[in-house]
Amino acid sequence: MGGTCPVCNKEVDQLTFSSVIDGVVYQFCCKRCQRSFTAEPRKFINCCEDSTDR
Ligand SMILES: [Zn+2]
């Protein structure tokens with residue numbers, strides 16, 4: 001169990017700060033990371049889907 005904070009790449013053991021984006025649960029190490037992530041999820045999710053750059 002546990003995960004990694006997608007904002008700062010820290011290991012997270014608790015589900016104290018978590019958000020569900022597009023059906024996926026993301027865990028954060030702190031509230032600040034959670035807020036910045038939910039504000040702009042695409043900034044932190046490096047997915048293959050978003051290819052509007054090129
Ligand atoms: Zn974090």
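**View 1. Six residues form the largest nonpolar core of this predicted model.** The largest nonpolar core brings together Val12, Tyr26, Phe28, Cys29, Cys33 and Phe37. Strand S4 (24–28) and helix H1 (31–39) are the elements that each give two or more residues to this core. A nonpolar core here is a set of buried Ala, Val, Leu, Ile, Met, Phe, Trp, Tyr and Cys residues joined through C-beta atoms within 7 Å. A residue is buried if 20 or more other C-beta atoms lie within 10 Å of its own, exposed if 12 or fewer, and partly exposed in between, with C-beta atoms placed from the backbone. In soluble globular proteins, nonpolar side chains tend to be buried together.

Two notes help in reading all the views. Residues are numbered from 1 along each chain as its sequence is written. The model is predicted, so local features need pLDDT of at least 70 and side-chain atom pairs count only at pLDDT 80 or more, while totals for chains, interfaces and linings use all residues.

**View 2. The whole chain, for orientation, holds 2 helices and 4 strands.** If you follow the sequence, you will meet them in the pattern β-β-β-β-α-α. Helices (H or I, at least four residues) and strands (E, at least two) are DSSP runs, numbered from the N terminus. Of the 54 residues of the protein chain, 17% count as buried. Among contacts between residues at least 6 apart in sequence, 23% join residues at least 24 apart; two residues are in contact if their C-beta atoms, placed from the backbone, lie within 7 Å. The average pLDDT, the predictor's confidence in each residue from 0 to 100, is 85 for the chain, and 83% of the residues score at least 70. Among the elements, H1 has the highest mean pLDDT (96) and S1 the lowest (87).

**View 3. Helix H1 has a buried side and an exposed side.** Which residues of H1 are buried? They are Cys33, Gln34 and Phe37. Seen down the axis of H1, these buried residues fall within an arc of 100 degrees, so they line one face of the helix. The arc is that of the directions from the helix axis to the C-beta atoms. An α-helix has 3.6 residues a turn, so residues three or four places apart point the same way. The face turned away from the buried side carries the exposed residues Lys31, Arg32 and Ala39. The cover over the buried residues of H1 includes S3, S4 and helix H2 (41–44).

**View 4. Cysteine 8 and cysteine 33 are in contact.** Cysteine 8 sits in the loop between strand S1 (3–4) and strand S2 (11–12). It counts as partly exposed because it has 14 C-beta neighbours inside 10 Å. Neighbours within four places in sequence aside, cysteine 8 is in contact with Cys29 and Cys33. From cysteine 8 to cysteine 29 the C-alpha atoms are 8.4 Å apart, with their positions 21 residues apart in sequence. Cysteine 33, with neighbours within four places again left aside, is in contact with Cys5, Val7, Cys8 and Phe28. Asparagine 9 is also in the loop between S1 and S2. Its phi is positive, near 65 degrees, in a residue other than glycine. Asparagine 9 counts as exposed because it has 9 C-beta neighbours inside 10 Å.

**View 5. Strands S3 and S4 pair as an antiparallel hairpin.** Strand S3 (residues 17–21) and S4 pair over 5 bridges; two strands pair if DSSP finds at least two bridges between them. Valine 20 has valine 25 in S4 as its bridge partner, and isoleucine 21 stands opposite valine 24. The hairpin has 2 residues between the strands. Aspartate 22 lies in this loop and has a positive phi of about 55 degrees although it is not a glycine. With 8 C-beta neighbours inside 10 Å, aspartate 22 counts as exposed.

**View 6. Isoleucine 21, in strand S3, is in contact with Tyr26 and Pro41.** Is isoleucine 21 partly exposed or buried? Isoleucine 21 is partly exposed, with 14 other C-beta atoms within 10 Å. Those contacts with Tyr26 and Pro41 leave aside neighbours within four places in sequence. Threonine 38 is 17 residues from isoleucine 21 along the chain, and their C-alpha atoms are separated by 7.9 Å.
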